Amino acid sequence: MSQPIVQLDGVTKVYRQGSIDVHALRGVDLEIAKGEFTAICGPSGSGKTTTLNLIGALDSPTSGTVRLENEDLGALSRKELSEIRRDRIGFVFQAYNLVPVLTAYENAEMVLWVQGAPPEDRQRKVMELLEDVGLSGLEDRKPSELSGGQQQRVAIARAIASDPAVVLADEPTANVDSETADTLLDLMERLNKNRGVTFVFSTHDPKVMDRARRIVRMVDGSISDDTVKDAVT
Amino acid sequence: MKTQTLLGTVRVAWRNLWRNGRRSLVTIAAMTLALLAMVIYASLMRGLLGDMERKLLEVEVGDVQIHAPGYLDEPTLYDDLGESERLVGDLADLGFPATARFLGGGLAAAGDASAGVQIVGLDPEADRVASGLAGELAEGEWLSASEPSGVVIGSRLARTFGVEVGSELVILGQSVDGGIANDLYVVAGVLGSFSEAVDRSGVFVVEEAFRSFFGYEGGAHRIIVRRAPGGSTEDALAAALGLAPDEDVQSWRQLQPTAASMLDAAVAGLQVMMTIVYVAIAILILNAMLMAVFERIKELGLLKALGMSPRHVLSLILLEAGLQTGIAIVAGLTLAAPALWYLSEHGLQMAGLSGLTLMGMSFDSRWYSQVDAFSIGAPVSMLVIIVSLAVLYPGLKAARLRPIDAMRHQ
């Protein structure tokens, strides 16, 4: 494996629910290298979304370390974590999570304007991305004027616009029909191959697991299996 | 924040305003009406207070007065300023307009009516430099050195005597040598109402007539000093103290402490009134912005997840309130403009107030507004401050959201 861009060492996460401690992660060790197309799967409550949240600097571990491009996320301030999320991580959510008052184009360029990128760079990049995800001609539509699949394409364009180190996709196909799920997976697979974008999915969709080249299975907060398909075949 | 980021944030803030257009419009309308009311109220109060202060300073008291030591405690013809003419000249050389007044008491009579009066001698032309008295004539003409028998009297005195311009007035008094002084005068002019003291008992004569009536040869009893153009009362006070260190030199605030306190209290009252109105607006803004934040918690969490810093999220919420305030300021001032023009040009007819005095200052029958930096600036800046304070809580709440919690919000 090449130099990992994501490293989890002995990561635990305990949530307090009332007087009960819920152990969401129990000592997870995981490395993800650049260019991977990895699915973290497992039943509900197995810890896959928590793992994604920790990698995405949305949450902090109870113990252990999470490193992104060799940087310990636990040592960073809130502002620095914001910058990490802005510059090095792309997110694709189950519920698309587009800003309803912005057009498809504006949603896709959002991270770029948060970064303060010049308008001409933003325009060039976003138009190219929208074409790449098959949304040419729909730039001016608001999310409410797009289908679920189209909205998720906008979310994918937004996630990769800033050339992040890794794109974290939490159940990206859960809200779309089977055909759309295939199209979205085709798209992400193509972006992975053509642009070298690293994808990490949290999923229990067999379609995603089928396309993933590495499958990390989780049960009760621990990794039960970690299979790299290419190595198997 | 980079320019491009700021422009993007303004765009999102603007769009967010119109998500719930009705709520934004109601908020903007409330701010507009509050600002409109406060600008008109402030300019009317400034007009009233400014007019009272102007009359007090320009017409009656001046910024500073110089008297002989002890004169104010026990006014007498014999306590004069000696070289008053030189002092007036020196003050004028330093750029402070000044005028000398000769003061004496007497009894005036016309027909069957009589009243105690204060006789004020002055140089009718030189007095115009430092006093607006000549401009307060309601009827007739100002004093003239060529007509020493002419007098200008207060309005209430004229009513008491039932005299008008051209009527005769007899004045009795005691001359400096202790003998009886008396003379017959003709009413040249009647002053408008501006001061209770002048209204009831003011009789103005030329200096020559004063000297002749009392057989007086001394200096003036009072020198009225005005501030230099663009200067302050404090400058005039310092200059007068420098030139007359042995005399009793006092500013108008020392001479008229009650009136000064009343003017200060009125300004404070205006600010309290503004605060009360704006606090009500603040509660409306707070409610509207809290609703706007709570409705969008999930989305704000998304923005933070995508890398917006807490400061950036705070800026977004502040901008949304700022845009609403900006629209309200433009709308409020646009609506206020014609009303302010009318009130400053034509005023409000307040016949009931005519002749009414408060702390020795009289009201006019017309109440004009005064548009200046305070009457516009104070309501606008207070609105901005109050809105900023009101929006701070929802703004900080949004800024401190943990993205993971916010995105789970249902």
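The second largest cavity of this predicted model has a volume of about 40 Å³. Its lining is made up of A:Arg85, A:Arg86, A:Ile89, A:Gly90, A:Phe91, A:Val111, A:Arg158, A:Ala159, A:Ser162 and B:Leu306. Helix 2 (78-88), strand 6 and helix 6 (148-160) of chain A each give two or more residues to that lining. Strand 6 of chain A has the largest share, 3 residues. By class, the lining splits into 5 nonpolar, 2 polar and 3 charged residues.

## Cavities and pocket

The count is 2 cavities of 30 Å³ or more. The largest cavity has a volume of about 120 Å³. It is lined by 14 residues, and B:Asn16, B:Leu17, B:Arg23, B:Ser24 and B:Ala292 lie nearest its centre. Four elements of chain B each supply at least two lining residues: helix 1 (3-17), helix 2 (21-61), helix 10 (257-295) and helix 12 (310-345). Helix 10 of chain B provides the largest share, 4 residues.

The largest pocket has a volume of about 570 Å³. Of its 26 lining residues, A:Thr49, A:Phe93, A:Gln94, A:Asp170 and B:Arg408 are the closest to its centre. Both chains contribute elements with at least two lining residues: helix 1 (48-55), strand 6 (89-92) and strand 7 (166-170) from chain A, and helix 14 (403-408) from chain B. Helix 1 of chain A gives the most, with 5 residues.

The make-up of the three linings is set out here.

| Space | Nonpolar | Polar | Charged |
|---|---|---|---|
| Largest pocket | 10 residues | 11 residues | 5 residues |
| Largest cavity | 4 residues | 5 residues | 5 residues |
| Second largest cavity | 5 residues | 2 residues | 3 residues |

## Strand 8 of chain A

Strand 8 (residues 199-203) of chain A is mostly covered, with 5 of its 5 residues buried. In a regular strand, side chains alternate between the two faces of the sheet. Here both faces are covered. A:Phe199, A:Phe201 and A:Thr203 are buried on one side, and A:Val200 and A:Ser202 on the other.

Strand 8 of chain A has parallel partners. Strand 3 (residues 37-41) of chain A pairs with it over 5 bridges, in the parallel sense. In strand 8 of chain A, A:Val200 stands opposite A:Thr38. Strand 7 of chain A also runs parallel to strand 8 of chain A, and 4 bridges join them. A:Ser202 of strand 8 stands opposite A:Asp170. Between strands 7 and 8 of chain A, the chain passes through helix 7 (residues 178-195) of chain A in a right-handed β-α-β crossover. A:Asp170 also appears at the largest pocket, among the residues closest to its centre.

## Two buried residues

A:Glu109 sits in the loop between helix 3 (104-108) and helix 4 (110-115) of chain A. Its relative accessibility is 2%, so A:Glu109 counts as buried. Leaving out residues up to four places away in sequence, A:Glu109 touches A:Arg122, A:Val126 and B:Arg11.

B:Gly150 belongs to strand 5 (residues 150-153) of chain B. B:Gly150 is buried because its relative accessible area is 8%, under the 20% limit. With the same sequence neighbours left out, namely those up to four places away, B:Gly150 touches B:Leu143, B:Val186, B:Ala188, B:Phe204 and B:Val205. B:Leu169 lies 19 residues from B:Gly150 along the chain, and their C-alpha atoms are separated by 9.6 Å.

Terms used. Residues are numbered from 1 along each chain as its sequence is written. Chains are lettered from A and ligands numbered from 1 in the order in which they are written. This is a predicted model: local features need pLDDT of at least 70, side-chain atom pairs count only at pLDDT 80 or more; totals for chains, interfaces and linings use all residues. Side-chain values use heavy atoms; hydrogens and water are left out. On a 1 Å grid over the protein atoms alone, a cavity is a set of points where a 1.4 Å probe fits but cannot get out, and a pocket is an open set with protein on both sides within 12 Å along at least five of seven lines; lining residues have an atom within 4 Å of a point. Grid points are joined across faces, edges and corners, and a volume is the space filled by probe spheres set on the points. Ala, Val, Leu, Ile, Met, Phe, Trp, Tyr, Cys and Pro count as nonpolar, Asp, Glu, Lys and Arg as charged, and the others, Gly among them, as polar. Buried means under 20% relative accessible area, exposed over 50%, partly exposed in between (1.4 Å probe, protein chains only). Contact means heavy atoms within 4.5 Å. Two strands pair if DSSP finds at least two bridges between them. A crossover is right-handed if, with the strands pointing away from the viewer, the path from the first strand over the helix to the second runs clockwise.
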